[in-house]
Protein chains: 2
Amino acid sequence: MNTVNIRDIARMCGVGVSTVSRAINNHPDINQETKEKILKCIAENNYIPNNSARNLKRQEAKVIAVLIKGLTNTFLIEMIQILEEEIKRHGYSMALERVHFDQDEVDIALELVKEKRLRGIIFLGGDFENRVSKLRELDVPFVLSTAGSQPEDISSDEYSSVSVDDMREGYKMTEFLIKKGHKRIAMISAKTDDESVGKLRLRGYKKALEDNGIAFDPELVRFMRPDVEDYSMENGYVVTRDFLKDKVPFTALFCVSDTLALGACRALNEAGVRIPEDVSVVGFDGVEAGKFYCPSLTTMEQPVTEMARATTDILFGIIDGHGSHTHKICKANLVERESVRSL
Amino acid sequence: MNTVNIRDIARMCGVGVSTVSRAINNHPDINQETKEKILKCIAENNYIPNNSARNLKRQEAKVIAVLIKGLTNTFLIEMIQILEEEIKRHGYSMALERVHFDQDEVDIALELVKEKRLRGIIFLGGDFENRVSKLRELDVPFVLSTAGSQPEDISSDEYSSVSVDDMREGYKMTEFLIKKGHKRIAMISAKTDDESVGKLRLRGYKKALEDNGIAFDPELVRFMRPDVEDYSMENGYVVTRDFLKDKVPFTALFCVSDTLALGACRALNEAGVRIPEDVSVVGFDGVEAGKFYCPSLTTMEQPVTEMARATTDILFGIIDGHGSHTHKICKANLVERESVRSL
DNA sequence: TTGTACGCGTTATCAT
DNA sequence: ATGATAACGCGTACAA
């Protein structure tokens, strides 16, 4: 694999390597003719600069890394599209990095900072409660976007965050169902051992019940299965199916994500439970798929565009020197559709 | 940013850099005690090896790159999960690279081969008809997985491919609708200027009509909008809405992807068209979301697991020396659900 | 405007 | 088992 490198090109053109480098990187100090000759030679010989070598040598690349856990959360996928536009608009490029479920996103970030010469990091989703010391090692600015619980022992001026107030919105959604006359409200939430958004929304749910004089019934709360992909339709489906087997009566089902809710709907349908006649179902996120469902899904819509813009605004504010670490709470929007009925 | 490097660690441990390197990379020729001492020192000082330097120097990394166009095609997302498992099972790691719609995946692949020291490439989706010469420059084995049209001027023993016979399956689906008594069958397909799977399925559609003595009506064929994300629900929605405005009568709608079909369903519902009473709808791919819909979507299911396994089997067969380039055609499976009725 | 020489952090080779 | 040193391919002072 004798791949052509910058020295070969230099030799072929009868110039120095630095001249070739200047041609590649659009440096000003180069004769237009020389440049064209070099670029032509590059094209003819299929020369492709080696990014590893570039990263190794370069001081700073105009790159923002976006780390996302999993790929099945369509809400996060939607955010990526907008983040990319915004990052491009600032003259940077986006490096999307997928983090496995059993991987630590902070470790990945640490590696990435060394490998590419990142200027900033955006964490999409995830949970950062126990990652304090590691997080502090990151010497580039970062934003926790749509993250659930946040690190508590790290001072809030060392990082930024953008999210909705998951507990409050969970509260609002529950209260909405209560106002519709529901008392036996079931919930599908996140596993107990992690401190994700699901847990916070569950806390809001409990508080709303309490404030409205409804006793909390642990029988009504179910958790995502750890052996199935987090926040997937499949997970919502299997959990609901198991739930129905227990014959616990309920009139409404609050799922911590739309995808879970859609899976739940399927399980309900299969069991002959009509939505919303027999059971009302609500989700959280406001993903497109919910709009297309039958019945269309009532949900707590997260302001995707606003959150993505806030994320990049804060990050570039810090990178460009004006602006400092900020914690932005966006307001979610309760979208009433067809999956809920009044009792 | 004075980041600690391998030399610092060597100095601190009173050993040579090569010994540290051996400790990191699990080389056999190293004293267990020395190794532990070094690893401890590494952990204490938060040393993280620089991947750019490693990639630059390393001869071969056990890495397979998977290139995917976009992220909204849930069928491809499903494939990724299985591909990753399979790749890991072979002791390799997967580098997932997202390709933008206006980017050339072959260009990206070429860069990647230089940057990391890939052993193989998997192209997910995409269209390779006009990329022949570039494709040939790739000096690592690659598999075109679920790609639509394939390069014709490159000899078939220079690359591998895994896909369904899109034309035949398009034919079968159309014939299925015809057998159900449909004659005015509309179609939402891929843009005319690209040679993707959509185009092939369209060809099958035309052939089926012809073979069954039904005149092809160009009025009934619509294409995805170029200004909206390819194969997205949104695209299916807007195209169908526009289509309905033209008041062209039809009794069935064949969409080249499930996502398009789900978007189409929404548009039909909004227009007061009942599914399947007024119009039957079918999709293609067999994504999970289709199962959950109301009505659940009749579709041509692609054998995701089989295709992913075939892809990695072929690739590793070539990498490991036994086995050569292969072209595997998998059989799709027509899944009848609730979105079609007999006339 | 252009070329030379050095260093980025690592792994591979070779010697010990 | 270990260490010294030469690459890997590129960007960039600095000199010309």
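The legends below describe close-up views of a predicted model. Local features need pLDDT of at least 70 and side-chain atom pairs pLDDT 80 or more, whereas totals for chains, interfaces and linings use all residues. Residues are numbered from 1 along each chain as its sequence is written, and chains are lettered from A and ligands numbered from 1 in the order in which they are written.

**View 1. Packing of helices α1 and α3 in chain A.** Helix α1 (residues 6-13) packs on helix α3 (residues 32-44) at an angle of about 125°, with the axes 10 Å apart. Helices are DSSP runs of H or I with at least four residues, numbered from the N terminus; axes are lines fitted to C-alpha atoms over the stretch in contact, and angles run from 0 to 180 degrees between N-to-C directions. The two helices are therefore oblique to each other, a class left over once angles under 35 degrees (roughly parallel), over 145 (roughly antiparallel) and 65 to 115 (roughly perpendicular) are set aside. A:I9, A:M12 and A:C13 of α1(A) meet A:K37, A:I38, A:C41 and A:I42 of α3(A), contact being C-beta atoms, placed from the backbone, within 7 Å. By class, this contact has six nonpolar, no polar and one charged residues; Ala, Val, Leu, Ile, Met, Phe, Trp, Tyr, Cys and Pro count as nonpolar, Asp, Glu, Lys and Arg as charged, and the others, Gly among them, as polar.

**View 2. Surroundings of B:C13 in helix α1 of chain B.** B:C13 is partly exposed, with 18 other C-beta atoms within 10 Å (20 or more would be buried, 12 or fewer exposed; C-beta atoms are placed from the backbone). Leaving out residues up to four places away in sequence, B:C13 touches B:K37, B:I38 and B:C41. B:T34, 21 residues from B:C13 in sequence, lies 8.9 Å away, C-alpha to C-alpha.

**View 3. Surroundings of B:R22 in helix α2 (residues 17-24) of chain B.** B:R22 is partly exposed, with 19 other C-beta atoms within 10 Å. Beyond four places in sequence, B:R22 touches B:H27, B:D29 and B:I30.

**View 4. Residues around DNA strand C.** Of the 28 residues that surround the strand, the closest are A:V15, A:G16, A:N31, B:N5 and B:I6; near means a C-beta atom, placed from the backbone, within 6 Å. Two or more residues come from each of α2 and α4 of chain A and α1, α2 and α4 of chain B. The surface divides into 10 nonpolar, 12 polar and six charged residues.

**View 5. Residues around DNA strand D.** Among the 27 residues here, A:N5, A:I6, B:G16, B:S18 and B:N31 come nearest. The division is 10 nonpolar, 12 polar and five charged.

Definitions and conventions. Two residues are in contact if their C-beta atoms, placed from the backbone, lie within 7 Å.
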